[in-house]
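Hi,

Here is the structure I promised to pass on. Please open it beside this message and follow along.

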Amino acid sequence: MTRWGLIGASTIAKEWVTSAIRATGGEIVSVMSTSAERGKAYAAEQGIPKSVTTLDALVNDPEIDAVYISTTNELHRDQALAAAKAGKHILCEKPLAMALDDARAMVKAAKDAGVVMATNHHLRNAATHRAMREAIKAGRIGTPLSARVFHAVYLPPHLQGWRLDKPEAGGGVILDITVHDADTLRFVLDSDPVEAIAFSQAGGMGQAGLEDAVMGVLRFENGVIAQFHDGFTTKFAETGLEVHGTDGSLIGRNVMTQRGTGTVTLRDASGEHELPLDHRNLYETALSAFHAAVAGKGQPSATGEDGVWSLATGLAVVEAAHTGKTVRIETGF
């Protein structure tokens, strides 16, 4: 059994990750919040035995094997480095850090310490995206040529906060949502992005100059060009992912979501065929793979290196939107 400490008394931990840890055989031992009052209330609500107020107290707890980091983005690096130094396995929220050098340092520290490091990119665990990946690998659409991602949603009031008013914490739609698009496309297409171009928008939700919507295009190493639309401001849109090839198209609907839902239709010369899907909880799939990796069996569904790739893509999109230029995507690997 893997025993966990939560770094951050967060909404995502409360709504998704604590239940996934427990459903896959893990135990949550402690939670860290800089507010003692919040930490105690959170621990009581979630049935967690201990709450602490310092990073040192959590990572140096001998009863903890692994940590889940879900604080604001600018805090991830130091928290991950401390966890690795203490010999704890690490599951970190995306984006891994605010700068590529920091993200690479986190991955290196985990490797040097011999601990598992994963990025919480949940979407690659969806049955829809896995079915699309397998269909492409099987040649069912021929050679992939293009893709489109619709990931413009409405950010509910209880999640707005720092995402809309704290640029220093990595707020804005690009580092929150576009990084998920990048990871999902890398997974589905089995290719790395090499260039980005984008326009961002301030539609009235983002404060302090933060973008609340973005559209752009990524070019991939295999020649695919992928269009993306991400937003916090679109109350009535649906999400989707399409991949179009020389011999067919894959149409995913309502697939860019935390829930195990959505459909995938294959369109080709013989007509339309809905792909069979085995929907499961995305976070439980991720935690099952993480727990297996801790036990020496395989690797996490999204590694630390995967998190570096998505951050590199997100930062390139930020630069492209600010400069109006096409930006190369470099990970330093």
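Start with the sheet in this predicted model. Nine strands make up an open sheet, and their pairing is mixed. The order runs β14-β13-β12-β11-β7-β10-β9-β8-β15.

Which strands stand at the edges? They are β14 (271–274) and β15 (327–328). Each has a single partner strand, so one side of each is left without a neighbour in the sheet.

Now look at the β14 end. β14 pairs with strand β13 (residues 263–268). The sense is antiparallel, and four bridges join the two. Take T265 as an example: its bridge partner in β14 is E274.

A helix also packs on this sheet. That is α10, residues 304–323. α10 touches β8 (193–201), β9 (213–220), β10 (225–231) and β15. The direction of α10 makes about 50° with that of β8.

Next, a pair of helices. Helix α1 covers residues 11–23, and helix α2 covers residues 36–46. They pack at an angle of about 50°, with their axes 12 Å apart. Why is α1 called oblique to α2? Angles under 35 degrees count as roughly parallel, and 65 to 115 as roughly perpendicular. About 50° fits neither range, so α1 is oblique to α2. The crossing of α1 past α2 is right-handed.

Which residues meet there? From α1 come A13, K14, T18 and R22. From α2 come Y42, E45 and Q46. Sorted by class, this contact has two nonpolar, two polar and three charged residues.

Best wishes

Conventions:
Residues numbered from 1 in each chain as written. Predicted model: local features only at pLDDT ≥ 70, side-chain atom pairs only at ≥ 80, totals over all residues. Heavy atoms only, no water. Pairing = 2+ DSSP bridges. Contact = heavy atoms within 4.5 Å. Axes fitted to C-alpha atoms, helices over the stretch in contact; angles between N-to-C directions. Parallel < 35°, antiparallel > 145°, perpendicular 65-115°, else oblique. Left-handed = near helix turned anticlockwise from the far one by under 90°. Nonpolar A, V, L, I, M, F, W, Y, C, P; charged D, E, K, R; others polar.
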